[in-house]
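These are my notebook entries on a single chain. I set down what I looked up, from the overall fold to individual side chains.

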Amino acid sequence: MASTMVRSINGGGAFVTLRTFEQATFIRIDIAEECPSDYTTHYFQSLTTNSFAEAKDSSDMENEISTRRGLLTVGLIFMLSSSALFYVYMSFPELQEDEKQYVKLPFNIEDAKNLGKLLGSYKDLYYIQVLTGLFVTYIFLQTFAIPGSIFLSILSGFLFPFPLALTLVCTCSAIGASLCYLLSSLVGKRLLRKYFPEKAKTWAETVTKHSNNLLNYMIFLRITPLLPNWFINLASPVVGVPMMPFVLGTFLGVAPPSFVAIQAGQTLNNLTSSSDAFSWNSIILLFVFALLSVVPVIFKKQIREKFE
């Protein structure tokens with residue numbers, strides 16, 4: 001809040017007060033014929049406190065209603081997505097009793113191996129169903145920031161040819177991340193600032209700093225493990241990352257890590273954990289891709305400085 005006292009020649013005066021809340025700015029002018037010395041400590045305080053308190057209560061109520069509406073929308077979308085996932089499961093051919101235990105979201109390498117063997121035995125006869133099931137499940141995990149997509153990337157390399165698997169993973173990642181972006185724009189602001197205030201503030205400053213090169217910056221973040229993908233998806237709309245560089249940066253940026261995971265999937269039976277997919281050669285490869293993503297930014301900066 002900022003206030004300024006303006007006095008007239010005859011001793012009268014006016015207070016011009018500017019006060020800003022989260023979504024509104026209030027300007028108040030109070031005119032008095034006489035301005036006693038204790039005006040600022042008594043009269044002004046009692047005059048403005050109620051009006052500003054009412055405005056703040058109104059703003060808080062609107063934010064609470066908006067958050068509840070957003071949470072209800074997210075809940076409805078989750079139910080619809082779960083129904084779509086259940087439909088895909090029901091459209092799959094009838095399984096033997098001993099096979100049903102392996103049809104679940106893979107959260108470790110053993111789950112991925114068992115599911116891979118099962119889907120591999122049905123893939124030739126039910127190719128579209130297997131492909132659709134993997135596609136929908138991957139998007140579901142990405143949309144609601146549920147862990148496990150790394151194992152689906154490995155499964156893709158085990159089940160499908162490399163070009164198809166890479167296209168599938170990059171497309172699912174881009175679609176799922178975009179849906180997560182949209183959901184976060186509904187309820188993410190208050191949640192992120194409540195649970196990750198420092199991270200959100202730091203990244204908002206970084207986004208502002210790289211506002212002219214957001215596509216390259218997004219590609220770099222997707223390749224490197226500086227920030228987890230779920231946090232990038234949730235925080236991007238909150239800190240002001242536009243949709244287009246977010247989507248395109250995700251599609252291109254997840255390609256190098258997916259390349260490594262899909263390649264590892266071709267030897268799925270030999271893996272003992274998801275970390276086995278990342279050898280020193282693959283880490284060096286990711287480092288090279290990360291450097292390549294920032295090369296255009298460096299050249300652009302040098303050219304701009306040269307002409308300036």
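Entry 1, contacts along the sequence. I took the contacts between residues at least 6 apart in sequence and found that 67% of them join residues at least 24 apart. I note here that the model is predicted.

Entry 2, the chain as a whole. I counted eleven helices and three strands. Reading along the sequence, I recorded the pattern β-β-β-α-α-α-α-α-α-α-α-α-α-α. Of the 308 residues, 38% count as buried. I noted an accessible surface of about 18300 Å² for the chain, with 62% of that surface belonging to carbon and sulfur atoms.

Entry 3, helix α7. I then turned to the helix that spans residues 214–223 and includes R222. Which residues of α7 are buried? I listed L214, N216, Y217, M218, I219, L221, R222 and I223. Eight of the ten residues of α7 are thus buried, so the rest of the structure largely encloses this helix.

Entry 4, the charge of R222. How far from R222 is the nearest side chain of opposite charge? I found it to be that of E205, 21 Å away. A salt bridge requires a side-chain nitrogen of Lys or Arg within 4 Å of a carboxyl oxygen of Asp or Glu. R222 has no salt bridge, although this residue is buried.

Entry 5, the polar partners of R222. I looked next for side chains that R222 meets through polar contacts. The side chain of N229 is joined to that of R222 by a polar contact of 3.0 Å. The side chain of T250 also makes a polar contact with the side chain of R222, at 3.0 Å.

Entry 6, the surroundings of R222. I set aside the neighbours within four places in sequence and listed the residues in contact with R222. N229 and T250 appear in that list, together with A177, I232, N233, F246, G249, G253, V254 and P257.

Entry 7, cysteines. How many disulfides does the structure hold? I found zero. C170 is in no disulfide, and the nearest cysteine sulfur, that of C172, lies 9.5 Å away. I checked the pair from the other side: the closest cysteine sulfur to that of C172 is in C170, and 9.5 Å is too far for a bond. The cut-off I applied is a pair of cysteine sulfur atoms within 2.5 Å. I also looked up burial for both residues. C170 is buried, with a relative accessible area of 4%. C172 is buried as well, with a relative accessible area of 0%.

Key. Residues numbered from 1 in each chain as written. Predicted model: local features only at pLDDT ≥ 70, side-chain atom pairs only at ≥ 80, totals over all residues. Heavy atoms only, no water. Helix = DSSP H or I, 4+ residues; strand = E, 2+ residues; numbered from the N terminus. Buried < 20%, exposed > 50% of the residue type's maximum accessible area, 1.4 Å probe, protein only. Lys, Arg positive; Asp, Glu negative; His and termini not counted. Polar contact = N/O pair within 3.5 Å; in protein donor to acceptor, adjacent residues only side chain to side chain. Contact = heavy atoms within 4.5 Å. Areas by Shrake-Rupley, 256 points an atom, 1.4 Å probe, with all protein chains shown as cover.
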